[in-house]
Amino acid sequence: MMDTRSQHAVDPHRSLHSDTGGVPGEHPGRSSNPLIKVVGLGWLEFEKPDLARAGKFLSDFGFAVTDRTPESLVLRGHWAGTPGVVVRRGPGSRFVGPVFRADARADLERLARATDTRIVPHRGGEAVQLTDPSGFPVRVVYGIPELPAVPERPPSRMNFGPDPVRANDPQRPARRPAQIERLGHVAIGTTRFGAALDWYLDNLGMIVSDFLYFDGQRERGPSMAFIRCDLGSVPSDHHTLAMALQPQTGYLHSAYQVTDLDEVAAAGEYLRERGYRHAWGIGRHVQGSQIFDYWRDPERLMFEHYTDGDVFDCSMQPGWAPMSVSGLAQWGPKATAEFTGTRDAGVVLAAIKALTDKGNEVDFAALRGMIKAMAS
Ligand SMILES: [Fe+2]
C-alpha cells in the first residue's frame with residue numbers, strides 16, 4: 001500500500017490542481033549543472049523622475065529611508081540584511097533590474113569567468129553585472145555590508161482553539177504604514193520566457209517551485225514559472241522570481257513580507273486613507289500560498305504586501321497547473337483588471353508588435369492561451 005503521508009510530503013499541490021507533477025520529457029525545473037547558486041535577492045533597482053514622490057509612497061507603503069542623496073534613495077525593511085529597494089533619479093518611472101546575492105566571492109569569480117565580465121566594486125561590496133535574455137540588467141553581489149535589524153511588532157497573538165491566549169487583552173492593530181520585514185520576490189513579464197527561464201536556472205542555480213501552462217497547450221511547455229533559490233535542505237521562499245510569457249517585457253510587481261494578516265490589512269487601510277490605488281486583495285495565493293494585498297504607486301508600478309508564504313527545501317519538485325486568473329487565489333475577491341493589466345493602454349499594440357518581431361516566443365497560440373487565461 002502507498003504511504004500517503006510521504007506522498008503528501010513531496011506534493012505541495014494536492015487537492016488544488018488536477019495536474020500535479022511534471023511528466024517525463026517536460027522541463028525539469030532545474031539545471032543539472034548550474035554555474036553558481038544565488039542565495040537570495042539583494043535588492044531591486046527602480047528609476048523614478050521624482051525622488052521625493054517615490055520616497056513618500058515607499059514610506060507610506062512601509063519602508064524606512066536608510067540613505068538619501070540628490071540622485072538616489074535607499075530603502076530598507078526591519079530585518080537585518082541588504083536594503084531591499086534602491087531608487088535612482090531618472091527620466092521615467094521604471095523597474096531597472098534585480099540584484100541577487102552570491103554565497104561566496106568564488107561564485108562571483110566563476111560567473112565573471114564564464115560570462116567574460118569583470119568583478120567591480122559596488123555599494124561597499126563587489127558585483128558582476130549580467131544581462132538576462134529579456135534584456136534586464138541582473139547584478140550578482142557579494143560582500144555588501146548588512147544593515148542591522150530594527151525592532152518590529154511581534155505577530156498578533158490569536159485566540160484560536162479552546163485555550164485563549166489573550167485574556168483581558170484586546171486586539172488593536174495600529175493603523176500606520178506597514179512594518180516591512182524584507183523584500184520577498186519580483187515578478188516580471190517577458191516575451192522570451194523559455195530562454196530567460198533557462199538562463200536563471202543555468203547561471204544562478206535557481207529552481208522551479210511551480211509551472212503554469214496555457215490551458216490545452218501543455219505540450220508547448222510552461223508559460224509561467226515560480227522560481228526559488230536552491231539552499232539545499234534549508235527551506236527558501238516558494239518564489240524569489242516569478243516570470244511569465246507576456247506580449248511585452250516588463251515589471252509586473254514586487255512583494256514585501258510583513259509579520260501577519262493584521263499588518264497586511266491595517267497597513268492597507270492606511271494606504272487607502274491616503275488615496276493610493278488598490279490593485280487586488282486581500283486574498284491567499286495558490287502558488288506560494290501567501291496572504292496578499294496589491295497596491296499601485298503614483299506612477300502605477302505595483303507593490304505587494306504579503307505574509308505567511310510557503311517555503312520549500314530543494315527536495316520539492318515543480319508542480320504543473322493550467323494558467324487562469326481564477327487560479328491565482330484560493331480565496332479573496334476576483335482578480336481585477338487593475339491587477340492583471342489587461343485594460344492597460346498599449347496591450348493590444350504590444351501584442352501586435354510581439355507577433356511581428358522576430359526573436360521572441362509570442363505567437364498566435366500563445367496569445368490565444370493568454371486571452372483564455374485572463375478569461376478563466
Ligand atoms: Fe507576488
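I'll walk you through the overall build of this chain, then one helix, then one valine.

Okay, so first off, this is a predicted model. The chain has eight helices and 20 strands. Its C-alpha trace spans about 60 × 55 × 45 Å along the principal axes. Now, a compact globule with 376 residues would have a radius of gyration near 21 Å, and the chain has 21 Å, so the two agree. Buried residues make up 40% of the 376. And if you take the contacts with a separation of 6 or more, 69% of those are between residues 24 or more positions apart.

Right, on to helix H3, residues 105-115. Which of its residues are buried? Those are Asp107, Leu108 and Leu111. Look down the axis of H3 and these buried residues fall within an arc of 100 degrees, so they line one face of the helix. Over on the other side of H3 you've got Ala106 and Arg113, which are exposed. As for what covers the buried residues, that includes strand E6 at 119-122, strand E7 at 125-131 and strand E8 at 137-142. Oh, and after H3 comes Asp116, with a positive phi, near 55 degrees.

Last stop, Val186, which sits in strand E9, residues 182-190. Why does Val186 count as buried? Because Val186 has 21 C-beta neighbours inside 10 Å, and the cut-off is 20 or more. Setting aside neighbours within four places in sequence, Val186 is in contact with Leu44, Pro98, Leu241 and Ser254. There's also Trp43: 143 residues away along the chain from Val186, with 9.9 Å between their C-alpha atoms.

Terms used: Residues numbered from 1 in each chain as written. Predicted model: local features only at pLDDT ≥ 70, side-chain atom pairs only at ≥ 80, totals over all residues. Helix = DSSP H or I, 4+ residues; strand = E, 2+ residues; numbered from the N terminus. Buried ≥ 20, exposed ≤ 12 C-beta atoms within 10 Å, placed from the backbone. Contact = placed C-beta atoms within 7 Å. Arc of directions from axis to C-beta. Rg over C-alpha atoms; globule rule 2.2 N^0.38 Å.
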